[in-house]
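Q: Got a minute to go through a model with me? Put it up and start with the helix packing.

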Amino acid sequence: MEAAAARSIPRTVEEIFKDFMGRRAAMIKAPTTDVQEFYQLCNPEKENLCLYGFPNEQWEVNLPAEEVPPELPEPALGINFARDGMQDKDWLSLVAVHSDAWLLSVAFFYGARFGFDKATRKRLYALINDLPTIFEVVTETAEKQAKEKSSVSNIASNNTKTSSKAGGSESVKYLKQVKDEDEEEDDEEHGETLCGACGENYASDEFWICCDICENWFHGKCVKITPARAEHIKHYKCPSCGSKRVRV
């Protein structure tokens, strides 16, 4: 991916910070000024996509690098899968957090590669830390946009999202802790279900989620999905299905 932006490899604190600034500017554009284009490119029907920022302040949504190991640390994989399962501002905030983490990893990758000592790493971090994070920029932009909406628009938007969430809940197949009179019936139905990750049996006091692709069930803890997060997922893909790539 990095070949898409011609560049020289940064070696000094100043050069790495300049590289950081260029990538940061690009990754701020995507979820703010270029948000409509960014949203359309992150189609959940496509394969695992990443958001890349280049030193020339250009961004790109693309598949991850195929080389192993990659030339640079890779950004968060599969940002497109969560797009339709979350509110727009929450999804953009999530992308922003991962973008911040990636920028730091790239900067300190260069620092480690060229043998920066403790004092030099501290100087690099001090320069970076003086800037607001992408998350701070994106959430501030989202808050401003929200304030500009009228109360009538907000009510209509909330009603639409509530209806969408209620309609989409049928496609998200997951088990919650059962606390009513149907508990015994549920236990009998799922008692022989095995977790696709650890192979253990179903238990009524544990949170489970089903993959919409392979239809296997998983302990929430095994795939790092909490009940709260599951509420925002429209179509869940397990780690195995999420990592599969279509061959043509």
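A: Here it is; note that the model is predicted. Helix H3 (residues 88-113) packs with helix H4 (residues 118-129) at an angle of about 150°. Their axes are 11 Å apart.

Q: Roughly parallel or antiparallel, H3 to H4?

A: Roughly antiparallel, because the angle is about 150° and the cut-off for that class is over 145 degrees.

Q: Which hand does the crossing have?

A: Right-handed, where H3 passes H4.

Q: Which residues meet there?

A: From H3, Leu-104, Ala-107 and Phe-108. From H4, Arg-121, Leu-124, Tyr-125 and Ile-128.

Q: How do the residues of that contact divide into nonpolar, polar and charged?

A: Six are nonpolar and one is charged. No polar residue takes part in the contact of H3 with H4.

Q: Why does that kind of spacing turn up along a helix?

A: An α-helix has 3.6 residues a turn, so residues three or four places apart point the same way.

Q: What about Tyr-125: where is its place, and how exposed does it count as?

A: Tyr-125 sits in helix H4. It counts as partly exposed, because its relative accessibility is 40%.

Q: How far apart are Tyr-125 and Phe-17?

A: In sequence, 108 residues. In space, 9.1 Å from C-alpha to C-alpha.

Q: Back to H3. What should its length be, and what span does the model have?

A: H3 has 26 residues, so at 1.5 Å a residue it should span 38 Å. The end C-alpha atoms are 37 Å apart, which agrees.

Q: What comes just after H3?

A: Gly-115, with a positive phi of about 70°.

Q: Now the other side of H3. Where is Phe-81?

A: In the loop between strand E2 (59-62) and H3. Phe-81 counts as partly exposed, because its relative accessibility is 24%.

Q: Which residues is Phe-81 in contact with, leaving aside neighbours within four places in sequence?

A: Pro-44, Lys-46, Glu-47, Asn-48, Lys-237 and Gly-242.

Q: Take Pro-44. How far is it from Phe-81?

A: The two are 37 residues apart in sequence. Their C-alpha atoms are 4.6 Å apart.

Q: Zoom out. How many helices and strands in the protein?

A: There are 10 helices and five strands.

Q: And how much of the protein counts as buried?

A: Of its 248 residues, 35%.

Q: What share of the contacts with a separation of 6 or more joins residues 24 or more positions apart?

A: In this protein, 64%.

Conventions:
Residues numbered from 1 in each chain as written. Predicted model: local features only at pLDDT ≥ 70, side-chain atom pairs only at ≥ 80, totals over all residues. Heavy atoms only, no water. Axes fitted to C-alpha atoms, helices over the stretch in contact; angles between N-to-C directions. Helix = DSSP H or I, 4+ residues; strand = E, 2+ residues; numbered from the N terminus. Parallel < 35°, antiparallel > 145°, perpendicular 65-115°, else oblique. Left-handed = near helix turned anticlockwise from the far one by under 90°. Contact = heavy atoms within 4.5 Å. Nonpolar A, V, L, I, M, F, W, Y, C, P; charged D, E, K, R; others polar. Expected span 1.5 Å × (residues − 1). Buried < 20%, exposed > 50% of the residue type's maximum accessible area, 1.4 Å probe, protein only.
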